[in-house]
Amino acid sequence: MAEGHKISLADEKTQYEFTPALKNKLIIAGGVGLAMVVVGILLWMLGIGLGGEHGGTHGESHALAGGGGEEFHWSKRLWANLWLCTVYFNGIALVGVFFVAVNYVAWAGWSALIKRVPEAFGYFLPFTGITLLALFFIAGGDLFHWTHADAVAHDPILKGKTPYLNTPFFLIRMLLYFVLWYGLFRFLRKLSLDEDKITDYKGYLKNPTIYNKMVYYSAVFVVVFAVTTSTSAWDWVMSIDAHWFSTMFGWYNFASIFVAGLATTTLAVVYLKEAGYFKLVSEHHLHDLGKFMFAFSIFWTYIWFSQFLLIYYAHIPEETIYFQPRLFGHYRGIFFLNIIINFAFPFLALMTKESKRTMSFLKIVAFAILIGHYLDFYMMIMPGTVGDHAGFGLVEFGCILIFASAFIYVFANSLSKAPLIAKNHPFIQESAHFTQFN
């Protein structure tokens, strides 16, 4: 792997090309995913693959959330899958912007070379925002028990949460999240691209006005991100199990989406390097990305275990009910697989220095982490929406394929619209010659 002092910035391919071949592959993949969803729905309509007792009721978690006694309809599983994929990919898109912002706030130099990669994730936010809003209008009653006025009227717990969990305030918060996220992202992106237009680079180094603005507004974004990722997690995920709450859930949600976002960034950087871009990205940059995935996989495990242990030890019924279907019921297998794929595998696989610097190894681990944290969100959302009727079939895999294809398409298209290298970033030379003494 070439080191920074052997290659100059002039040798870099500064413009990413979104090739027609890749476009066609992504369109075909999305079409295949859509076909899988359609076939899966047809099978569900025939009573095939729905899980649970056909025509029966939801599992215990959903029953205690107010879903028991209802006739199960296949559409609920469809809405739950669409909600799951939208929330998951929204988290990845948002973490891309957060990763750039937090590196600016930290005055980090090592990431300047690759910052345009996670920066491009933010363009997917309008798609997730529109999808979430549409899904709530179409299927809010199937996903959130607290949206039913008659249920709230006869439930003292839901009634006590009404000042926060009510449809108008929920929609106001949702709109506010995306206005803040996307508005700040576009402003940061504009500053980033304006920096490329600077012609007097030496004068810019003496007075880096744009960079200082980036630092300031990145700090604003980090504060907004810190608050809204917690509240949006309460709204979109935790309120599905409306009788349950956890004071650690915001942190838990952040840990999960952050690791997934890091894995996506790592995969993108590695694939771009293999395609002939990022010649200056060295084993030291890859090592840092690997260390991030390693460290935050441990952080996720710490939050996961802390939340679980406190609830398990206290053994309070209104808290332990959350883990009944997950640990002892229909989701028991995924519960333990979640620990293995999100902690044991990345912990053991990324423990050595060499593994963090090997591109093929990083791809395997990053891909596993993405699967693992999809399962993590699956565990958060499915028990409270479809209960024992959850499973993995054509619709689940089709939804994943549709959203992954759409995300990659938007990402690649956005990446091709601007220079791949932020040539006027004050720390670009530091990043180009980045080495670690370890």
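Which residue follows α12, and what is the sign of its phi?

1. The residue after α12 is His315. Its phi is positive, near 55 degrees. Keep in mind that this model is predicted.

2. Now the helix itself. Helix α12 covers residues 283-314, which makes 32 residues. At 1.5 Å a residue, the expected span is 46 Å. The end C-alpha atoms of α12 are 46 Å apart, so the expected and modelled spans agree.

3. Next, the aromatic rings. Searching the whole structure gives 68 aromatic pairs. Take Tyr177 and Trp236 as one of them: their ring centres are 5.7 Å apart. The two planes meet at 75 degrees, and over 60 counts as edge-to-face. That is why this pair is called edge-to-face.

4. Look at where these two residues sit. Tyr177 belongs to helix α8 (residues 167-196), while Trp236 belongs to helix α10 (residues 209-236). The pair therefore ties together parts 59 residues apart in sequence. Both Tyr177 and Trp236 are buried.

5. A second pair joins Tyr322 and Phe323. Here the ring centres lie 5.3 Å apart and the planes stand at 85 degrees, so this pair is edge-to-face too. Are these residues buried or exposed? Tyr322 has a relative accessible area of 6%, and Phe323 has a relative accessibility of 9%. Buried means under 20%, so Tyr322 is buried, and Phe323 also counts as buried.

6. Finally, check Arg173. Arg173 lies over the face of Tyr164, at 3.7 Å from the ring centre. Arg173 also lies over the face of Phe169, at 4.3 Å from that ring centre.

Methods
Residues are numbered from 1 along each chain as its sequence is written. This is a predicted model: local features need pLDDT of at least 70, side-chain atom pairs count only at pLDDT 80 or more; totals for chains, interfaces and linings use all residues. Side-chain values use heavy atoms; hydrogens and water are left out. Rings of Phe, Tyr and Trp (its six-membered ring) pair if their centres lie within 6.5 Å; planes under 30 degrees apart count as stacked, over 60 as edge-to-face and the rest as tilted. Helices (H or I, at least four residues) and strands (E, at least two) are DSSP runs, numbered from the N terminus. Buried means under 20% relative accessible area, exposed over 50%, partly exposed in between (1.4 Å probe, protein chains only). A charge sits over a ring if NZ of Lys or CZ of Arg is within 6 Å of the ring centre and within 35 degrees of the ring normal. The expected span of a helix is 1.5 Å times one less than its number of residues.
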